[in-house]
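Hi,

Here's the structure I promised to pass on. Have a look at it first, then read my notes underneath.

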2 protein chains.
Amino acid sequence: MVTIKEVAKKAGVSVATVSRVINKNGYVKESTFEKVQHAIQELNYRPSAIAVSLNNKKTKTIGLILPDITNPFFPELAKAVEEVANSNGYTMILCNSSGTLKNEIEQIEMLQSKYVDGIILASDSYVEEDYKHVNLPMVLLDRGANPRNSSIRVNNYYGGVLATEHLLEQGCTKIAHLAGPKDVFTAQQRLEGYQSVVEDMEWFDKKLVAYANYQLEDAITATKELLNQNIGIDGIFAGNDLMAIGCLKAIHSFGLSVPEDIAVIGFDGISLTNMIIPELSTIKQPIYEMGKEATNQIIKEIEGNETESRDIEFDVTLIQRESTNRKRRPGCEDGAKSKDNGNR
Amino acid sequence: MVTIKEVAKKAGVSVATVSRVINKNGYVKESTFEKVQHAIQELNYRPSAIAVSLNNKKTKTIGLILPDITNPFFPELAKAVEEVANSNGYTMILCNSSGTLKNEIEQIEMLQSKYVDGIILASDSYVEEDYKHVNLPMVLLDRGANPRNSSIRVNNYYGGVLATEHLLEQGCTKIAHLAGPKDVFTAQQRLEGYQSVVEDMEWFDKKLVAYANYQLEDAITATKELLNQNIGIDGIFAGNDLMAIGCLKAIHSFGLSVPEDIAVIGFDGISLTNMIIPELSTIKQPIYEMGKEATNQIIKEIEGNETESRDIEFDVTLIQRESTNRKRRPGCEDGAKSKDNGNR
DNA sequence: CCTTAACATGTAACCGGTACCATATTACCT
DNA sequence: AGGTAATATGGTACCGGTTACATGTTAAGG
């Protein structure tokens with residue numbers, strides 16, 4: 001790699017002058033400026049980001065910690081973060097925590113020693129206590145904000161209400177909920193939304209709530225158990241889209257059809273939902289927007305324009321598709337713009 | 001951040017001694033060692049990766065450039081890279097090139113100025129010429145190797161043969177191919193595999209080959225055009241899984257069923273294939289293995305154990321599922337282990 | 001007991017930039 | 001012309017580590 005010294009030599013000036021040219025600060029005579037620029041071109045010189053970082057303690061890098069990159073929710077988020085970061089001159093280091101606290105802590109340590117400027121953390125296991133020693137800007141996803149950290153999330157409770165009410169409107173008379181893990185914040189909120197709608201219905205029964213770990217396989221098992229009870233379930237609100245797809249598969253294996261026998265709605269709005277047959281109704285989170293906002297916020301905090309932590313809540317929207325369309329209007333409305341751009 | 005100087009002061013030794021303790025090299029008296037370790041603990045000191053990098057010109061970082069992280073193929077790959085990298089003490093910077101040469105070049109420049117130790121590049125647009133000035137280890141995905149760069153890929157040609165023959169075995173009598181972009185290496189190879197099997201069949205016709213851009217929407221359109229020809233297609237080999245899903249949707253919209261009317265097989269083996277109904281037969285690439293091997297290779301090259309470039313080809317395997325099961329044996333075999341672990 | 005090698009630790013140059021300070025030159029004003 | 005301000009450039013300490021070299025101490029061997 002060619003260094004600033006070689007450029008200085010070639011241009012016949014000092015390193016200080018070269019530095020001034022690069023950063024366009026301080027006084028530099030027009031003719032000198034060009035001489036230096038020319039040398040830079042000639043040698044194909046690029047300043048070492050490492051050396052720069054050592055001085056100003058900024059690396060123009062942000063860390064993104066996700067529980068699982070293979071869950072379709074997160075690539076959409078990661079894409080937003082990467083794009084916004086890039087367009088602001090930052091790069092993104094991606095870490096996969098597998099959802100365990102131990103990995104998260106380790107990765108945060110590592111990111112700190114690499115001097116990232118800030119961290120965006122999507123954590124299931126977050127407890128404020130565990131992150132006390134983190135002393136750089138950190139934005140949380142799907143968590144309530146605390147005095148130290150900003151937070152980006154949606155109104156999961158309201159989403160739960162919306163989903164459940166939608167099933168009622170579609171004529172469902174006994175609605176089950178396939179909830180996410182009991183210790184996960186978003187899962188709790190969605191469950192509460194469901195409960196608030198159904199708890200006073202005469203048909204409501206605790207046996208209508210099942211739990212799974214937000215994953216597909218687990219959801220299939222749990223749904224089969226729900227249906228084996230034979231209590232006349234004709235609608236299922238799944239805690240996320242992946243589990244909703246599990247529901248579809250379980251229902252299919254019972255020889256029942258969706259939405260005729262059982263209507264199904266998911267939560268998240270991942271692009272998978274309009275790839276499958278039948279297309280899946282869902283409560284859509286503005287995933288890209290959330291990633292974008294998280295990145296903007298962390299950059300604000302890094303660059304010091306913003307000191308106090310913010311709590312940003314996005315709206316969820318109901319996307320009705322085939323899987324809950326029991327009213328058989330031909331050509332159901334589809335609020336989702338198809339935004340697939342898989343390339344391979 | 002606490003520096004080595006503060007540790008030295010606290011332990012009552014010089015920075016050199018602290019450095020020796022950290023790196024466990026050189027002579028350090030047992031008692032001194034412990035004194036220093038204690039000070040490190042006390043101050044919760046971590047060496048600055050930046051400063052270390054400035055010395056040894058190694059950042060323990062590798063860059064991964066992908067055309068599109070929201071395409072399900074790539075998160076699986078990224079996960080492998082991240083895990084293997086991490087377990088070798090490396091971190092991964094992720095870049096989304098959107099498949100354009102311009103972005104790729106820009107991102108490589110950026111990665112170089114950040115002094116990444118190596119790059120793994122999954123590129124559709126790669127032309128050796130464009131990367132002449134890249135002077136750090138780089139491993140290519142889905143490209144033939146060249147003298148400068150190692151390559152990881154599968155035998156796409158053979159996969160095309162396998163898929164096509166499988167459809168024949170299932171009793172298909174007129175097989176179409178929905179190919180990927182004409183200028184993409186993998187797409188060409190898969191098409192050639194298909195052609196080698198069918199070109200001598202009496203029913204073969206150029207009109208059986210359609211092109212789409214490896215994406216879902218485009219595949220739906222293309223499939224509809226194929227079917228509108230009304231030439232009795234009863235089997236489709238799609239160039240990748242995403243397009244196969246597009247086929248499914250298009251076929252469904254014609255009121256036809258899979259596999260009874262038309263059998264469909266994809267290519268890639270993304271986990272999506274066993275989430276949908278009907279489950280999709282596919283030519284599976286060992287995605288995780290490929291990411292793992294790419295990472296191992298780049299690390300070898302970085303650490304200088306390996307200088308010559310290697311061309312590593314993986315085998316593809318046929319996974320038969322419902323979408324091609326025309327022989328109606330109840331309970332088709334499923335070679336794919338379900339490895340979903342979406343968490344959300 | 002003296003010599004020599006192994007052990008132990010400190011000093012300082014260096015990695016590649018940035019930025020403060022010093023010095024030199026030019027421009028402008030009275 | 002003389003003084004001051006603005007312009008132009010160079011020298012160098014510093015960021016936080018690593019490491020070659022110097023120096024001092026201890027152990028071993030004859």
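Below is what turned up, starting with how the chains relate and moving on to the empty spaces.

This is a predicted model, where local features need pLDDT of at least 70, side-chain atom pairs count only at pLDDT 80 or more, and totals for chains, interfaces and linings use all residues. Residues are numbered from 1 along each chain as its sequence is written, chains are lettered from A and ligands numbered from 1 in the order written, and side-chain values use heavy atoms, with hydrogens and water left out.

How does chain A map onto chain B? A turn of 180° with a shift of 0.0 Å along the axis lays chain A on chain B with an RMSD of 0.1 Å (least squares on C-alpha atoms of residues with pLDDT of at least 70 in both). That's a two-fold axis. In chain A, the C-alpha of Ile93(A) is nearest the axis, 2.2 Å away.

Now the largest pocket (an open set of points on a 1 Å grid over the protein atoms alone, with protein on both sides within 12 Å along at least five of seven lines). Its volume, the space filled by probe spheres set on the points, is about 1,000 Å³. It has 44 lining residues (an atom within 4 Å of a point), and among the closest to its centre are His252(B) and Pro278(A).

There are also four cavities of 30 Å³ or more (sets of points where a 1.4 Å probe fits but cannot get out). The largest cavity holds about 230 Å³ and has 16 lining residues, with Ile50(A) and Ile50(B) among those nearest its centre.

Cheers
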